Amino acid sequence: EDRFRAEIREWNAWLTGQVWWCIIKDPYGEDMDSCGGFVGDLEDTALFDARGIVDSYLDNNLSAGGGI
């Protein structure tokens, strides 16, 4: 029953347009990465992954002595 309810919630999110895609841009406006196909709450899905991509980029560039 829980699985059925989860499927209904996901289907409802999709039907109501809660489908997300994020594009990560560098300071010059160039696309660096993207992630998409997320269904559900924006904060818990697309933004969570987008923040991870940005954090990883900053960690790799700043620790190597590079700039943003």
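## Salt bridges

The structure holds 4 salt bridges. This is a predicted model, so please read every distance and angle below as a property of that prediction. Let's walk through three of these pairs, starting at the N terminus.

Glu1 and Arg5 bring their side chains together in a salt bridge, with 2.8 Å from N to O. Glu1 is exposed, because its relative accessibility is 67%, while Arg5 counts as partly exposed at 47%. Arg3 and Glu7 form another salt bridge, and here the closest N and O atoms are 3.4 Å apart. These two residues sit 4 residues apart in helix α1, so about one helical turn separates them. Arg3 has a relative accessibility of 67% and is therefore exposed; Glu7, at 43%, is partly exposed.

Further along the chain, Arg51 meets Glu43 through their side chains, at 2.7 Å from N to O. Both ends of this salt bridge are partly exposed: Arg51 has a relative accessibility of 42%, and Glu43 has a relative accessible area of 40%.

## Helix α1 and what follows

Helix α1 runs over residues 2-15, which makes 14 residues. From its first C-alpha to its last it reaches 20 Å, close to the 20 Å expected at 1.5 Å a residue. Just after α1 comes Gly17, whose phi is positive at about 85°.

## The β1-β2 hairpin

Strand β1 covers residues 19-25, and it pairs with β2 in the antiparallel sense over 7 bridges. One of the partnerships joins Val19 to Val39 of β2. Between the two strands the hairpin has 5 residues, and Gly29 there adopts a positive phi near 90°.

Asp26 is another residue to look at in the loop between β1 and β2. Is Asp26 buried or exposed? Its relative accessibility is 19%, and because the limit for buried is under 20%, Asp26 counts as buried. A polar atom of the Asp26 side chain lies 2.8 Å from the backbone nitrogen of Tyr28. For a sense of scale along the hairpin, the C-alpha atoms of Asp26 and Val39 are separated by 25 Å, with their positions 13 residues apart along the chain.

## The nonpolar core

Which residues make up the largest nonpolar core? It has 6 residues: Cys22, Ile24, Cys35, Phe38, Ala46 and Ala50. Each of β1, β2 and α2 supplies at least two residues of this core. In soluble globular proteins, nonpolar side chains tend to be buried together.

Ala46 is a handy place to centre your view. Not counting residues up to four places away in sequence, Ala46 touches Trp20, Cys22, Cys35 and Phe38. Among these, Cys22, Cys35 and Phe38 are also listed as members of the core.

## Thr45, at the approach to α2

Thr45 lies in the loop that links β2 (31-39) to α2 (46-63). With a relative accessibility of 15%, Thr45 counts as buried, because that value falls under 20%. Where does the side chain of Thr45 reach? It comes to 2.7 Å from the backbone oxygen of Asp41.

Leaving aside neighbours within four places in sequence, Thr45 is in contact with Trp20, Phe38, Val39 and Gly40. Two of these names have come up already: Phe38 belongs to the largest nonpolar core, and Val39 is the bridge partner of Val19.

Technical notes:
Residues numbered from 1 in each chain as written. Predicted model: local features only at pLDDT ≥ 70, side-chain atom pairs only at ≥ 80, totals over all residues. Heavy atoms only, no water. Buried < 20%, exposed > 50% of the residue type's maximum accessible area, 1.4 Å probe, protein only. Polar contact = N/O pair within 3.5 Å; in protein donor to acceptor, adjacent residues only side chain to side chain. Contact = heavy atoms within 4.5 Å. Expected span 1.5 Å × (residues − 1). Pairing = 2+ DSSP bridges. Core = buried A, V, L, I, M, F, W, Y, C linked by side-chain atoms within 4.5 Å.
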